[in-house]
Amino acid sequence: MKTQTKIAAIFFVISLAIIVVTSGLVYFFIIRYSFTDFFKRLEIRAVVAARYTLEDEAAVLEEVRQQHLEKLPEEKEYFFEVKDGKLNDAEIKKLNVPNSFFASLLAEGNASHQQKDIFYSGITYQSKRGKYAVIVSAENYYNSHHLAYLRNILLVAIVIMSLLALYISILFSKYVFNPVKTITSSVKDISSQNLHLRLQPSTGNDEISELTVTFNNMLDRLETSFETQNNFISNASHELSTPLTSIIGEAEVTLAKERTPEEYREALVSVLREADRLENITRSLLLLAQTGFDGKKQKFDRVRADQLLWDVKETI
């Protein structure tokens, strides 16, 4: 997998994770708010129902209920008289709710309970007739309708935002790697025949600009090395052939006929002199061949290289 694809995938996954987590948190807190708000609504209805049923305010409260409190789905009201701080088992069984609900209701004066989509809210109410437990139950239509609608909206939003995040991820990765692709394309056009070409430096002061400068410096070193090798190759054959020709010619002339010891000595002296010249030329050329490299070899010095070439020619 290419690095550009990896970056696009990572960016997309991170964006998708943020979108999903944010949507999940929004949905979670709205559910909590919905549950709390619905329990509060049921508690208010329990108070109204208690005063409407157990007090002499029926006419006023009936008008309030009709005008301001719409009928909730599956809404039911229960009134249980509290005797000796407890309720009868028959009353508990009638509502089919856990005993902890009634225990909390009697101990704290109010309690709430959820059983699937049915919500229960109860209070204890002290009236002229005595102490009663008033419980109102209803289906939470906010949960079954509004939250379902919100869930669908969030799912659609997640899909749309995911596609948008994928599109942005691809654009972002292309934007980041466009300078790198430009450098790669330019480097492919550079060969040993056109080492004079250089990368176009970027205007910014970033990693891409630093990479461009590094490539150009490397090309400078490569060009220097190639120039040095070309100089070596162009001069080596000529500069080495001259003393070799002299040695071979001197040997052939000497061996052409019998010579006196003195003549043989002169011939050997001449051969030795040409061999010394050949050794000096070879050493100079080897030193010239080593220029232009870093590390253990000599660094290129154009003045020093020109001087070496001149010394070789003078030796010849």
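Which residue follows α4, and what is the sign of its phi? Keep that in mind while setting up the view; the stop at α4 comes later in the tour.

**Whole chain**

Start with the full protein chain, which is a predicted model. Its 316 residues include 32% that count as buried. Colour by secondary structure to see 8 helices and 4 strands. From the N terminus the elements run α-α-β-α-α-β-β-β-α-α-α-α. Among contacts between residues at least 6 apart in sequence, 61% join residues at least 24 apart.

Now colour by pLDDT. The chain has a mean of 77, with 81% of residues reaching 70 or more. Select residues 292–303, where pLDDT stays under 50 and the model has 22 contacts beyond four places in sequence. Where pLDDT is low, the predicted coordinates should not be read in detail.

**The sheet**

Select the 4 strands. They form an open, antiparallel sheet in the order β1-β4-β3-β2. The edges are β1 (76–81) and β2 (110–115); each has a single partner strand, so one side of each lacks a neighbour in the sheet. On average, neighbouring strands are turned by 20° against each other, direction ignored.

Go to the β1 edge. Here β1 pairs with β4 (residues 130–139) in the antiparallel sense over 6 bridges. Show Glu-81 and, opposite this residue, Tyr-132 in β4.

Move to the other edge. β2 and β3 are also antiparallel, paired over 6 bridges. Select His-113, which stands opposite Tyr-120 in β3. These two strands make a hairpin with 2 residues between them, and in the turn Lys-116 has a positive phi of about 60°.

**Helices across the sheet**

Add α1, residues 3–54. This helix lies across β1, β2, β3 (118–127) and β4, and runs at about 40° to β3.

Next add α4, residues 99–108, which lies across β2, β3 and β4 at about 160° to β2. Show the side chains of Phe-101, Phe-102 and Leu-105, which are buried. Look down the helix axis: the buried residues of α4 fall within an arc of 95°, so they line one face of the helix. Rotate to the other side of α4, where Asn-99, Ser-100, Ala-107 and Glu-108 are exposed. Then step past the end of the helix to Gly-109, the residue that follows α4; its phi is positive, near 90°.

**The nonpolar cores**

Which residues touch the most other members of the largest nonpolar core? Select Tyr-27, Phe-38, Leu-42, Leu-54, Leu-72, Phe-119 and Val-134, which hold that place in a core of 22 residues. At least two core residues come from each of α1, β3, β4 and α5 (141–188). The largest share, 9 residues, is supplied by α1.

Centre on Phe-38 and show its surroundings. Leaving out residues up to four places away in sequence, Phe-38 touches Leu-72, Phe-119, Ala-138, Glu-139, Asn-140, Tyr-141 and Tyr-142.

Finish at the second core, which is separate and has 13 residues, including Phe-80, Phe-101, Ala-111 and Ile-135. Phe-101 was shown earlier as one of the buried residues of α4.

Note on methods:
Residues numbered from 1 in each chain as written. Predicted model: local features only at pLDDT ≥ 70, side-chain atom pairs only at ≥ 80, totals over all residues. Heavy atoms only, no water. Pairing = 2+ DSSP bridges. Axes fitted to C-alpha atoms, helices over the stretch in contact; angles between N-to-C directions. Contact = heavy atoms within 4.5 Å. pLDDT = per-residue confidence, 0-100. Buried < 20%, exposed > 50% of the residue type's maximum accessible area, 1.4 Å probe, protein only. Arc of directions from axis to C-beta. Core = buried A, V, L, I, M, F, W, Y, C linked by side-chain atoms within 4.5 Å.
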